[in-house]
Amino acid sequence: MSIYAYDPNQNYLIAALPENDFERMEPHLELIKVKTGDVLYESGGRLPYVYFPVTSTISLQNLMENGSSSEIAGIGREGMLGTMLLMGGADNALSGACADCRICLSRQG
């Protein structure tokens, strides 16, 4: 399936925006394709984008002292990753995030 078959409005937050807000945001959205296990950012790393899942989920992972990881949250089409960036907060991530399965994401940078 082509990446162009996806629409940012498949994310419920984007779809709920008033038309004038979406029009302001749309030029900054980029539809990207990621594979299962692709790392969007690592714990302690800089979060450069806000991600709006379009077709699946993002897994937030907590890295343990022994090197293993544990999922602490999942973000699907109803949400977004990077709220702290939109709220003017720090851009350093406290946990890591990776794709749970093959997805397309709209990201805003």
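Helices and strands here are DSSP runs, with helices at least four residues long and strands at least two, numbered from the N terminus. Keep that in mind as you look around this predicted model.

**Stop 1: the whole chain.** Colour the protein chain by secondary structure. You'll find three helices and seven strands. Start at the N terminus and follow the order: α-α-β-β-β-β-β-α-β-β.

**Stop 2: inside and outside.** Now switch on the surface. The protein chain exposes about 6,400 Å², and carbon and sulfur atoms supply 51% of that area. Of the 109 residues, 38% count as buried. How much of the contacts with a separation of 6 or more comes from residues 24 or more positions apart? In this protein chain, that share is 72%.

**Stop 3: helix α2.** Select residues 19-25, which make up helix α2. Then show the side chains of D21 and R24: they meet in a salt bridge, at 3.9 Å from N to O. The structure holds one salt bridge, so this is the one to look at. Why can these two pair up along the helix? D21 and R24 are three residues apart in helix α2, so about one helical turn separates them. D21 is partly exposed, with a relative accessible area of 27%, while R24 is exposed, at 62%.

**Stop 4: a charged patch.** Stay with helix α2 and pick E19, which lies in it. E19 is exposed, with a relative accessible area of 60%. Add D7, E23 and E26 to your selection: together with E19 they form a negative surface patch.

Note on methods
Residues are numbered from 1 along each chain as its sequence is written. This is a predicted model: local features need pLDDT of at least 70, side-chain atom pairs count only at pLDDT 80 or more; totals for chains, interfaces and linings use all residues. Side-chain values use heavy atoms; hydrogens and water are left out. Buried means under 20% relative accessible area, exposed over 50%, partly exposed in between (1.4 Å probe, protein chains only). Contact means heavy atoms within 4.5 Å. Accessible areas come from the Shrake-Rupley method with a 1.4 Å probe; for residues, only the protein chains shown count as cover. Patches are made of residues with over 30% relative accessible area and no salt bridge: like charges are joined within 9 Å, nonpolar side chains (Val, Leu, Ile, Met, Phe, Trp, Tyr) within 5 Å. A salt bridge is a side-chain nitrogen of Lys or Arg within 4 Å of a carboxyl oxygen of Asp or Glu. Lys and Arg count as positive and Asp and Glu as negative; His and the chain ends are not counted. The place of a charge is taken as NZ of Lys, CZ of Arg, CG of Asp or CD of Glu.
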